[in-house]
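Me: I have a structure open and have not looked at it before. Can you walk me through it?

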Amino acid sequence: MLRYILKRLAFLPVVMFGVTLLLFICLQTLSPAMRASLYVKDPRQLAQLDAVIEKYGLNKPVYVQYGIWLRQVAHGDLGYSETAKMPVAEAIRSFLPATIELTVLAFFPILFVGVTFGVLSAVYRDRLIDHVTRFVAITGYSLPSFVLGLILLMIFYGRLHWLPPGRYTLDSDMLIHGDRFRHWSGLLTLDCALNRQWSAALDVAKHMVLPACTLLYISVALLLRITRSAMLEELGRDYVRTARAKGLPESVVVRKHALANVLIPIVTLSSLLFVGLLGGVVITETVFDFPGIGRWGVQAAQQLDVPGVLGSTMLAAFLFVLANLLSDVLYALVDPRIRVGA
Amino acid sequence: MDRLRRIFKLLRQRPMSMLGTAIIATFVAIAALAPVLAPPEAGTRDNYQIPQSGYSSDPVRPSREHWFGTTEQQYDLYYGMVWGARTAFKVALRVVGVSVFVGVLLGGIAGFYGGWVDEILMRMTDVVLAFPDLVLAVVIVAIYGPSLEHVMWAVMFVSWPSYARLMRGDVLSIKEREFVVAARALGASDARILFRHIIPNALYPVLIVASLSTGSVVITAAALSFLGLGAPVGYADWGQLISLSRNWIMGSSGNPFEYWHTVFIPGATIFLFVLGWNLLGDAVRDILDPLQD
């Protein structure tokens, strides 16, 4: 088992090397002057752009530049993001917790809803609950998140004034950035609760309801479909018939026998789900003006803020690869057959 | 002929597949009849450029003159929806077509030759697949500049690796089969074996996945347009038209749903188009996947 995990871990730097290489090749198509903006932290430096190009070797051969760039990244110098108005490393520290908070808030309801209704849909095949579940799945699959997000905003913000976009109201903003507020984790709901600021915690949570619901509706479709079809397959197998023939109650057959086997594809899928969420937050955060990695990445891309684009993308790729790795390890943990093969 | 009849029979037995086929057929008709349904003004140079009636910033609600109303800057939504159907088909078919072609070719070569060719090609797919689709596509379009053309290239670039992976796996198993050995014994060249014997036999799973993923390709492309990285303002593209609605979700005081049409009409259109492809994809899978029978 340990060998398997180590083998998969060794794969991580290889892929990350490829990721930086790909991004770098893309960037080579920009002119040296545009790439020089990577290093300009002060508008006054713009006058000496040629000097900047010279200093950082932006006219040098590609492999030399790549070496220079890689060394800087290794030293944690990711440049200055114009859109975030702060260094990239600092921007990541400030935006990542928000994205994590939103993703986690959406992830567990997705797992719960997806598995529960996927199973119910298979058990009560062709009954009302099955039809409803399949309808939700196929529409969730087909509805772009920005359309759903805008419609939700129109109803719950424009009409009802219940759930505003953004991260928090002005009052909470002042409180959170006040002197007496201690930042424990960066996850604002948790921090507000730990500071015993219950109304602020509620306010922050309220701002996450709509984006989390959007992510839920869009992302749950895949899980519903896979759970349903895997469950249908298991329910048709011989061991299930045997269990029923033994006179076991149906609930035991479903939960203890069939569901246990269905959990294997679900565990692998959970990484795909996380991946889907990472892609999903890009749009969702933008629509709801939620200050996370996704919105920052999009703004950086729109304004061609190269360091911002690089920082957010490499982070996304890193999390993505990590999620896949985690899923493989989990897969090996739940299914002993994989380990033997490795 | 027999196969075709079987396909139609299967389609008839599945009402949802019929619905998907009907939706896509309707969009095909709309796209084909665009010049009739929404005739461009005389002397227009680019038919995809939506006519503007005035330059007022506030959208106008649907009326007799503008069936679907107008967006900000008075772009006619009806015209945009009709000609946007052509844009949508162009994007969907070109992106899926090219990425399947590239994926089949590179995946086929990787699986057939193995060794270092395989190693290099598969590590390339690893790298591209290390990004969430949309994230890498956003970066590519941002670097090369916003345009519909670049959106298509970006989505192709993030799509081909999954087809290549799938193709490679199929080729690996098929190249060991007897008919391939027989062809080789008869002195067939590598190219002939690969293109005449292996690829045609390995194609079905790729086609199934392609038909299932057409809908998500449309969504990714529309998302890039929505982010302002696609077609320029005023071009008949659904995603772009929705991005024009973002400032109007609040409505006006006293009437929060005043500008509902700016979100709802292009939103419902994209939804139906994608839904059609997804239902059709399910049908194609049911028909082509022999395990289902």
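Me: Which elements of chain B have the lowest and the highest mean pLDDT?
Reply: This is a predicted model, where local features need pLDDT of at least 70, side-chain atom pairs count only at pLDDT 80 or more, and totals for chains, interfaces and linings use all residues. Among the elements of chain B, helix α1 (residues 2-13) has the lowest mean pLDDT, 73, and helix α4 (residues 77-113) has the highest, 92. pLDDT is the predictor's confidence in each residue, from 0 to 100. Helices (H or I, at least four residues) and strands (E, at least two) are DSSP runs, numbered from the N terminus. Residues are numbered from 1 along each chain as its sequence is written, and chains are lettered from A in the order in which they are written.

Me: And what does chain B average?
Reply: Its average pLDDT is 85, and 97% of the residues score at least 70. The model has ipTM 0.84 and pTM 0.87.

Me: Switching to chain A. How many helices and strands?
Reply: Chain A has 15 helices and two strands. Of its 342 residues, 38% count as buried, meaning that 20 or more other C-beta atoms, placed from the backbone, lie within 10 Å of the residue's own.

Me: Is helix α13 of chain A mostly covered or mostly open?
Reply: Mostly covered: nine of the ten residues of α13(A), 293-302, are buried. Among them are Trp296(A), Val298(A) and Gln299(A).

Me: What covers them?
Reply: The cover includes β1 (80-81), α5 (88-123), α12 (250-287) and α14 (306-334) of chain A, together with α6 (133-144) of chain B.

Me: How many residues does each chain put into the contact between A and B?
Reply: Chain B gives 38 residues and chain A gives 38 residues; two residues are in contact if their C-beta atoms, placed from the backbone, lie within 7 Å. On the side of chain B that touches chain A, α6(B) supplies the largest share, nine residues. That side divides into 28 nonpolar, six polar and four charged residues. Ala, Val, Leu, Ile, Met, Phe, Trp, Tyr, Cys and Pro count as nonpolar, Asp, Glu, Lys and Arg as charged, and the others, Gly among them, as polar.

Me: At what angle do α7(A) and α11(B) pack?
Reply: About 150°, with their axes 10 Å apart. Axes are lines fitted to C-alpha atoms, for helices over the stretch in contact, and angles run from 0 to 180 degrees between N-to-C directions.

Me: Parallel or antiparallel, then?
Reply: α7(A) and α11(B) are therefore roughly antiparallel, a label for angles over 145 degrees. The residues making the contact include Leu150(A) and Ile151(A) of α7(A) and Trp260(B) and Phe271(B) of α11(B).

Definitions and conventions: A residue is buried if 20 or more other C-beta atoms lie within 10 Å of its own, exposed if 12 or fewer, and partly exposed in between; C-beta atoms are placed from the backbone. Angles under 35 degrees count as roughly parallel, over 145 as roughly antiparallel, 65 to 115 as roughly perpendicular and the rest as oblique.
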